[in-house]
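User: I'm new to this structure and would like a guided close look at one part of it. Please pick a charged side chain as the way in, stay with it and its kind for a while, and then show me how that fits into the rest.

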Amino acid sequence: MSRQRVIRCAACAGRIRPQHPSIGVEDLETGVEFSYHARPDCQIRCAEETATRLVAGKVYAAHHYHASTCPDAASGFDCSGGCFDTPMAVAN
Ligand SMILES: [Zn+2]
Ligand SMILES: [Zn+2]
């Protein structure tokens, strides 16, 4: 019945709930997006896996999704909700 897509973290296979900030790495060629928790261990996996995929010559865009509880819906890192306290190594 649920129309909401269940998003699972590609690093830990845990579910990413709306109140969890998360990172999406989108394959611009296929539109497939890999999602990761914003917590440090999952971000590290995200950086490693994205680096591996980049070797294959693909182009990715990273998206940062704030937690549903974050009061700063429109801002990036440094939001007052603290979604992305750990800087993400993959950005550049
Ligand atoms: Zn995770
Ligand atoms: Zn936020």
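Analyst: Let's start at Asp41, which comes out as partly exposed, with a relative accessibility of 46%. Keep in mind that this is a predicted model. What does the side chain of Asp41 meet? It meets the side chain of Arg39 in a salt bridge, at 3.2 Å from N to O. Arg39 is partly exposed as well, at 39% relative accessible area.

That pair isn't alone: searching the whole structure turns up four salt bridges. Another one brings the side chains of Asp27 and Lys58 together, again at 3.2 Å, N to O. Where do these two sit along the chain? Asp27 belongs to strand β3, while Lys58 is in the loop between α1 and β5, so this salt bridge ties together parts that lie 31 residues apart in sequence. The two partners aren't equally covered, either. Asp27 has a relative accessibility of just 4%, so it counts as buried because the limit is under 20%. Lys58, at 28%, is partly exposed.

Now move to helix α1. Here the side chains of Glu49 and Arg53 form a salt bridge, also at 3.2 Å, N to O. Why do they come out about one helical turn apart? Because they are four residues apart in helix α1. Glu49 is buried at 18% relative accessible area, and Arg53 is buried too, at 17%. Arg45 joins in here: salt bridges with shared partners link Arg45, Glu49 and Arg53 into one network.

So how does this fit into the rest? The protein chain has one helix and five strands, and along the sequence they run β-β-β-β-α-β. Helix α1 (40–55) turns up again in the largest nonpolar core, where this helix and β3 (22–27) each supply at least two residues. That core has 15 residues, and the members touching the most others are Cys9, Val25, Tyr36 and Cys83. As a general point, nonpolar side chains in soluble globular proteins tend to be buried together. To see one of those core residues up close, look at Cys9: leaving out residues up to four places away in sequence, it touches Gly14, Ile16, Ser35, Tyr36, His37 and Cys42.

Cys83, another core residue named above, also leads to the metal. Which atoms hold the zinc ion (ligand 2)? The donors are ND1 of His66 and the SG atoms of Cys70, Cys79 and Cys83, at 1.9 to 2.4 Å. The angles among those four donor atoms run from 104 to 121 degrees, and the site is tetrahedral. Along the sequence, the donor residues follow the spacing H-x3-C-x8-C-x3-C. His66 and Cys83 both lie in the segment after β5 (60–65), so this pair ties together parts 17 residues apart in sequence. Both His66 and Cys83 are buried.

Last, step back to the whole protein chain. Buried residues make up 34% of its 92 residues. Of the contacts with a separation of 6 or more, 51% are between residues at least 24 positions apart. The accessible surface comes to about 5,900 Å², and carbon and sulfur atoms account for 52% of it.

Key: Residues numbered from 1 in each chain as written. Chains lettered and ligands numbered in written order. Predicted model: local features only at pLDDT ≥ 70, side-chain atom pairs only at ≥ 80, totals over all residues. Heavy atoms only, no water. Core = buried A, V, L, I, M, F, W, Y, C linked by side-chain atoms within 4.5 Å. Buried < 20%, exposed > 50% of the residue type's maximum accessible area, 1.4 Å probe, protein only. Contact = heavy atoms within 4.5 Å. Donors = N, O, S within 2.8 Å, 3.2 Å for Na, K, Ca; no water. Tetrahedral: all angles 85-135°; square planar, octahedral: opposite > 155°, others 65-115°. Areas by Shrake-Rupley, 256 points an atom, 1.4 Å probe, with all protein chains shown as cover.
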